[in-house]
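User: I have a structure open and a list of terms I don't trust yet. Can you show me how each label is earned?

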Amino acid sequence: MDADTVELLTPMASLGESCGYEACPAARAGHITVHVAPHSHAELGYTRTFSAHYTGEDGEVTPSKVNMKRILDATIAELWANPDRTFTLSSSEFPYFFHWWSERHPTVHRMVYELLRQGRLVLVGGGWGMADEATTGYRALVDSYTYSLRKINSTFLHCGRPLVAWQADTFGHSREVASLLAQMGFDGLFFSPMSFDDEIIRMNRQALEFVWRGSDDLGTHTDILAHKLFDGYWSPPGFCFGALCSDPLLVHSDSIFNNIEERVDAFLESIRYRQAPHYPTPNVLVMMGQRFGYFRAATWFKNIDRLIDEVKRKASKEGIPVHVVYSSPPCYLKAVHSARPTLEPKQDDFLPLAYNENSYAVGFYTALPAFKLLIRQANVYLQMAKQLQVLGNLANNTHLLDNFMWLVGLMQDHGIITGGLRESVMNHYAEKLHHAVDQSVGLLEQILRRHGHPANVKYFRCPFNESSCSQVKDTSFYIVLYNPLAWNVTVPVRIPVEEREYNVFGFDDNELAAALLPIPSPVLTLTSDTHELVFIAQVPALGYISYYIHTDRGMKRSARQVNEDDEETTQTTTKDDELEIKPIEEIERRTQEINGTEDNKNMSNVDGATVAKEDQERNLVNQATPAEESKDDFIKNQYIQINLDKYRKISSIQLSNGLTTSLDLQYYYYVSDDPHSVRGYVDPDNPEPFKPDRKSPGTYIFRTMDRIPVPIIDTLHTKVFKTDVVQEIHTSYSKYASLVVRLYDGRPLVEVDWMVGTIPVEDGLGKEVFIRYTTDLKSDGVFYTDANGRQTVMRRRNLRGTYEPFNLDPIAGNIYPVTSRIYIDDTNNNMRFSIFNDRPQGGTSLHDGSVDVLLQRRILTDDAGFQAYLNVTNVVRGTHYLYLTKADYKPNRIFEKKLVKEIELHPLKFIAQNISKEKWMTMQTEYSALKTKLPVGVHVLTIQEWDENTLLLRLENYLEKSDALKSGTKHVNIKDLFVNIKINKIRETMLAGHIWLEDWQPLQWQLKNNFFKNFNEYYANSTVEYIKSEDLKPVEQVDLDKGITLTPQQIRTFVVWYEV
């Protein structure tokens, strides 16, 4: 930034200018200080695309006057017109604001600079959009805030920095998000809504403000003041002055219609008796706005000006102890802090959200599953692109990366990833994501060309969630796998192909064992291919590996049938383009536990079946040939056997270490609430709509007509296939519901590839399809879910952690978001049953020993009121990973946490054609950018180009204290971490990279009582063990020669000065 701009952004003290907390109005002693904060709420999904929301033009003849361009123009002009006015701009407006900024004249820039340095235009939030808290992963959240806050910092310096977080419209609130926001340096979190019963209870004890601890493991570092917005982002009832509101404007110029006194009295009554009694200090925050408000900003501000003036006049005249000022959420926070209240602590979350006893916002956890997967997959490609840019020292790709980060950040918005948008808007964003992902492949091509790959070769990715890949139709092709994780992974690779014989070659012309499995019958309608080529790849850390595949057209050979007498088994597979990852550091530990022997390097034993690894190594005929169907009633590998009953349905699972349980996999559906009985339905014979006191089911609301689910088992048809690479059970339950269960050699996991086709609605009723995994574990009403892919949160059926719920719905009230994992424990029998998923979904345990995971929704009603129907007809495929283990064996806990990372950040697969095997063998086929091996438990969360000769580096200890064998603290030699990068200096920042760690001074709050040492343990058995508040330790400069340490759950962020 040039010196002139810096000067324009620096408050001129001589003119009385100041920003941040220094610009806040003073509270008046003995009075209720009313902080009036004008604010508009934008949507990024909803009814239109970003462009249409910004301009108002979406193909209609007359553009809409309700658009963000007009809102921003009008608001800035009205702020400029009156020096008393303020306006709060939040994260949901940031993408629009910066787009607007890029198109404005320097004169307008100067106007904005002045408003910022005078503290009249106030930015709150910090994300690139208002991120959802239930369905987003923590990595995507951190990236979104990093992108947005960096843009704010570089454009507006310290006067633009948001001091408080803003989550005013998300459908439930996550403990992990609170933790992340605290670690980013926000002083407070303003949020809405919360469940109706929780809010009423908190109102009665003045607990709508509290100190929220986001992480028990990280403690004080994750404490943040939380404020529940009384009316959300809306004006108080009766005081919405927008053109789309029906509330009266303030009239004083006409004697007949003058309503000033009545409106002022109503406002004072609302403040004094409706809102103020429920907060612990004599401060009240009143947001003045609405969704897409202020496109007629003059009307808003004139009425707010008049209201403030008239309230002041009346209060002064009649001695009413109310003081009203233009203000902002940060200024309100400062006033609360100055009042030194004693606040309640909180450690659990606000999930699920209940609007009332009949309306639970849990449906969006699962809505639009294919779109949710696409968003998650796009983030993996973004990580690859950012890594390659730095580690490959690539030429300028700033524009490409900026666009990609802009888009992926936008997708985390509460109106997009949740599915709360019209189908046309979803398709628009899906197309943008596919385009951005395709462009990111160019960075990999740049690296490969540096490593000797021909410049004329193009690399293709197979489309998401597809079972066909046109690039493999030639007789020869090769693939490149890129691993974004900082440890080596072993992965099964599946490529949809035609039925032929295939040979797979690796480094030094070594031929790999491979198998050819039939594509499940229900999937054949989606593809021209008939089989999947499967082999095992070993991909280096932060690097790539290449394999060559050759076939002779027309050559076919019958494969031998593999039955229980066969002695050989090996490894393999996942779904088409979503690769399963095999952890490697923990596999020996896991093998020793299961087999009960220290010497398992040569062979393992499962019910008498000997698997000799020397036999596999001596196998000279590795040609992949089609698998034939087996008549066996089981599949197995070294660790697991899955049995079928007499009906050829999965009935049990047993491990070679002696653990065993019944296991049933069954599809069900709930009938969604009858569209004839919910609000908004219009009977053709009676135009008067029937409006009961409950919302319609839809994208957000999940509500069933009956509490008993309907099993989907029209026709049960099962096939078993066994090869040296994988054993599979293919089961079809109906025309639209099927699954494949797989066991890979050498893996202690069960893979379930589920598929749900077009859900029938000929009966006129919507349906909620889910899969129920039933075991005989005694789980005692307890289950666990992850929070945004990080910490583990205990759930108890029909209960809440800190209050007694009112008339809780026994189904919807027990559904929680599952972004990576859900599990149940049987502590008496020392067993744990876990399910890992590949995308956000809703999950629950309604019966002991069972886990339900929602898969697909087809709903015929609209809860949002803008025609965002979930009447979807597409086929959806996905993967669950089942893991049965001893509950108290900590090495397996580490394995599970590592598996979460390997499922989410799976290797990416690229296919190239038109090159001979001889030429391929001359190219560099393997590369890793990692120089120093990291300890197990440490993850490179971010590698990103920063400023000139600097990069942003985040390292994470992904273990929880409950996982750790000892303290769980890890030491990392950061100096020699990467190949070809010499680190000269590092400086630590807060989590989002926008504040130097040594500059952060958190606000301190007084508590009514101490935090629990571990909330999960308290919730489990009411064991009360408190932990005293700890002071933050002084910041120490990092010594490159000594390295750094990471405690459990800690993420440390650094700006790194380096040279290549």
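Analyst: Gladly. Keep in mind that this is a predicted model. Start with a pair of helices: the crossing of helix 12 and helix 14 is left-handed. Helix 12 covers residues 369–391 and helix 14 covers residues 423–450.

User: What makes helix 12 and helix 14 roughly parallel?

Analyst: Their angle is about 25 degrees, and their axes are 9 Å apart. Angles under 35 degrees count as roughly parallel. Therefore helix 12 and helix 14 earn that label.

User: Which residues make the contact?

Analyst: From helix 12, the contact includes Phe371, Leu374, Ile375 and Ala378. From helix 14, it includes Met426, Tyr429, Ala430 and Leu433. By class, the contact of helix 12 with helix 14 has 16 nonpolar, 3 polar and no charged residues.

User: Why are helix 4 and helix 5 called oblique?

Analyst: Helix 4 (residues 94–102) and helix 5 (residues 106–117) pack at about 135 degrees, with axes 10 Å apart. Roughly antiparallel needs an angle over 145, and roughly perpendicular runs from 65 to 115. The value fits neither, so the two helices are oblique to each other. Phe97, Trp100 and Trp101 of helix 4 meet Val108, His109, Val112 and Tyr113 of helix 5. That contact has 6 nonpolar residues, 1 polar residue and no charged ones.

User: What is the label for helix 5 and helix 6, and why?

Analyst: The axes of helix 5 and helix 6 (residues 138–160) come within 9 Å and cross at roughly 30 degrees. The cut-off for roughly parallel is under 35 degrees. So helix 5 is roughly parallel to helix 6. On the helix 5 side, the contact is made by Val112, Tyr113, Leu116 and Arg117. On the helix 6 side are Thr155, Phe156, Cys159 and Gly160. These residues divide into 5 nonpolar, 2 polar and 1 charged.

User: How do you know whether helix 4 is largely enclosed or exposed?

Analyst: Count its buried residues. Buried means under 20% relative accessible area. In helix 4, 7 of the 9 residues are buried, so it is largely enclosed by the rest of the structure. They are Phe94, Pro95, Tyr96, Phe97, Phe98, Trp100 and Trp101.

User: Is His53 buried or exposed, and how do you know?

Analyst: His53 lies in helix 2 (residues 50–55). Its relative accessible area is 4%, so His53 is buried. Beyond its sequence neighbours up to four places away, His53 touches residues including Tyr96, Asn67, Met68 and Phe292.

User: What about Leu512, buried or exposed?

Analyst: Leu512 sits in strand 16 (residues 511–512). Its relative accessible area is 17%, and the cut-off is under 20%. So Leu512 is buried. Among the residues it touches are Val504, Phe505, Tyr547 and Asn622. Ile536 is another contact of Leu512. Those two are 24 residues apart in sequence and 7.8 Å apart in space, C-alpha to C-alpha.

User: Why does Ser656 get a label of its own, "partly exposed"?

Analyst: Ser656 has 29% relative accessibility. Buried is under 20% and exposed is over 50%. The value lies in between, so Ser656 counts as partly exposed. Ser656 is in the loop between strand 25 (650–655) and strand 26 (660–662). Its C-alpha atom is 8.1 Å from that of Gln641, 15 residues away along the chain.

User: Now the open sheet. What makes strand 22 and strand 37 its edges?

Analyst: The sheet has 10 strands in the order 22-31-32-33-34-43-40-39-36-37, with antiparallel pairing. Strand 22 (629–630) and strand 37 (792–796) each have a single partner strand, so one side of each is left without a neighbour in the sheet. Helix 17 (residues 890–904) packs on this sheet and touches strand 37, strand 39, strand 40 and strand 43.

User: How do you know that strand 22 and strand 31 are paired?

Analyst: Pairing takes at least two bridges. Strand 22 and strand 31 (residues 717–722) have 2 bridges, in the antiparallel sense. Ser630 has Val720 in strand 31 as its bridge partner.

User: How many bridges join strand 31 to strand 32?

Analyst: Strand 31 and strand 32 (residues 726–732) are joined by 6 bridges and run antiparallel. Lys719 stands opposite His730 in strand 32. The two strands form a hairpin with 3 residues between them.

Note on methods
Residues are numbered from 1 along each chain as its sequence is written. This is a predicted model: local features need pLDDT of at least 70, side-chain atom pairs count only at pLDDT 80 or more; totals for chains, interfaces and linings use all residues. Side-chain values use heavy atoms; hydrogens and water are left out. Axes are lines fitted to C-alpha atoms, for helices over the stretch in contact, and angles run from 0 to 180 degrees between N-to-C directions. Helices (H or I, at least four residues) and strands (E, at least two) are DSSP runs, numbered from the N terminus. A crossing is left-handed if the near helix is turned anticlockwise from the far one by less than a right angle, and right-handed if clockwise. Contact means heavy atoms within 4.5 Å. Ala, Val, Leu, Ile, Met, Phe, Trp, Tyr, Cys and Pro count as nonpolar, Asp, Glu, Lys and Arg as charged, and the others, Gly among them, as polar. Buried means under 20% relative accessible area, exposed over 50%, partly exposed in between (1.4 Å probe, protein chains only).
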